[in-house]
Amino acid sequence: STWGLDSSTMEPTTSGSVNSERQPLIEGRRKSALYSGNSRTRAVVQEKVTKKRAEDLQNDKLRKRSVLIIQLTVFIGSAMYTIVLPSMPQYLEQIHAESYVLGWLVSAFSLGQFIASPPLGMWFNRRGAMESLVLCGVLLILGNILYAIGWDKWSLVIARFIIGVGAANVSVARAYLGVVTPQEERTGVFAMFAAMQGIGFVVGPAMGSALARVDYKIH
């Protein structure tokens, strides 16, 4: 017999009967190596799939949480529009303003929201929702503080205008929901969005009527 070296397995080979006897052993080692490689590949793929599922689950939780926050924000904005309506006439009497100023206060809010909505929408397209929503929140706080300490009719009109600009976050909220919500869930999410707006419009006057007799003006 002639001895040699198998280039694929680095196993010594011989011609004749010895080579025939070792051939099943070599084939077995080849199959074992192939099976081991496939097992490692399957383990790596399974690990990646498991990690991807965990990330998707975490992202879905964060998305649902953000949707809930957005809906709560819309409710507060809607209630903020109507909560002061029952107390406005009495408030205007306290600062000795004419009765027609009531129309100005209502219109100032809507005007501010109308003017601010398109720029905020463009800002959302370029920078995302976070910055515009934070800015609107700050404006809402400042506008309500100014309304509470208002000393004449013009300060109240300006305050309501600022509050309206801050309430323009509803356009950003609607755009954000359209981006983060999957298509199959979008109808339900926007239905809830509209419902939260309606609830805010209903709850606002009720709360304002309950608080109308409270002297909340800062002297």
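Glu98 pairs with Lys153 in a salt bridge whose closest N and O atoms lie 3.4 Å apart. This contact brings together distant parts of the chain, since Glu98 sits in the loop between α2 (88–94) and α3 (101–127) while Lys153 belongs to helix α5 (residues 153–167), 55 residues apart. The model described here is predicted, and the salt bridge is one of two that a search of the whole structure finds. The chain that holds these pairs has seven helices and two strands.

**Salt bridges**

- Within the Glu98 pair the two partners differ in their cover, for Glu98 is partly exposed, with a relative accessible area of 34%, whereas Lys153 has a relative accessibility of 18% and counts as buried, because the cut-off for a buried residue is under 20%.
- A salt bridge also joins the side chains of Glu131 and Arg127, where the distance from N to O is 2.9 Å.
- In this pair Glu131 counts as partly exposed at 32% relative accessibility, while Arg127, at 56%, counts as exposed.
- Side chains of opposite charge can pair when their charged atoms come close.

**Overall architecture**

- Followed along the sequence, the protein chain shows the pattern β-β-α-α-α-α-α-α-α.
- Of the 219 residues in the protein chain, 33% are buried.
- Among contacts between residues at least 6 apart in sequence, 67% join residues that are at least 24 apart.
- The protein chain exposes about 13700 Å², and carbon and sulfur atoms supply 65% of that area.

**Helices α5 and α6**

- Helix α5 is mostly covered, with 11 of its 15 residues buried, and these buried residues include Lys153, Leu156, Val157, Arg160, Ile163 and Ala167.
- The 15 residues of α5 should span 21 Å at 1.5 Å a residue, and the end C-alpha atoms of α5 are 21 Å apart, so the expected and modelled values agree.
- For helix α6 (residues 169–180), which has 12 residues, the expected span is 16 Å, and this agrees with the 16 Å that separates its end C-alpha atoms.
- The buried residues of α6 are Asn169, Val170, Ser171, Val172, Ala173 and Leu177.
- Gly178 also lies in helix α6, but this glycine is partly exposed, with a relative accessible area of 25%.
- Once neighbours within four places in sequence are left aside, Gly178 is in contact with Arg186 and Phe190, and the C-alpha atoms of Gly178 and Val189, which are 11 residues apart in sequence, are 9.0 Å apart in space.

**A nonpolar patch and other surface residues**

- Met130, Val134, Val138 and Leu142 make a nonpolar surface patch of about 390 Å².
- Within that group, Val134 has its place in helix α4 (residues 129–148) and is partly exposed, with a relative accessible area of 47%.
- His96 lies in the loop between α2 and α3, where it is exposed, with a relative accessible area of 71%.
- The phi angle of His96 is near 60°, which is a positive value in a residue other than glycine.
- Leu72 is found in helix α1 (residues 17–82) and counts as partly exposed at 47% relative accessibility.
- Although Leu72 and Gly200 are 128 residues apart along the chain, their C-alpha atoms are separated by 9.5 Å.

**Confidence of the prediction**

- The mean pLDDT of the protein chain is 79, and 71% of its residues reach 70 or more.
- Confidence in the protein chain is highest in α5, at a mean of 93, and lowest in strand β1 (residues 3–5), at a mean of 46.
- Over residues 1–11 the pLDDT stays under 50, and for this stretch the model has 24 contacts beyond four places in sequence.

Methods:
Residues numbered from 1 in each chain as written. Predicted model: local features only at pLDDT ≥ 70, side-chain atom pairs only at ≥ 80, totals over all residues. Heavy atoms only, no water. Salt bridge = Lys/Arg side-chain N within 4 Å of Asp/Glu carboxyl O. Helix = DSSP H or I, 4+ residues; strand = E, 2+ residues; numbered from the N terminus. Buried < 20%, exposed > 50% of the residue type's maximum accessible area, 1.4 Å probe, protein only. Patch = residues over 30% accessible without salt bridge, like charges linked within 9 Å, V, L, I, M, F, W, Y side chains within 5 Å. Areas by Shrake-Rupley, 256 points an atom, 1.4 Å probe, with all protein chains shown as cover. pLDDT = per-residue confidence, 0-100. Contact = heavy atoms within 4.5 Å. Expected span 1.5 Å × (residues − 1).
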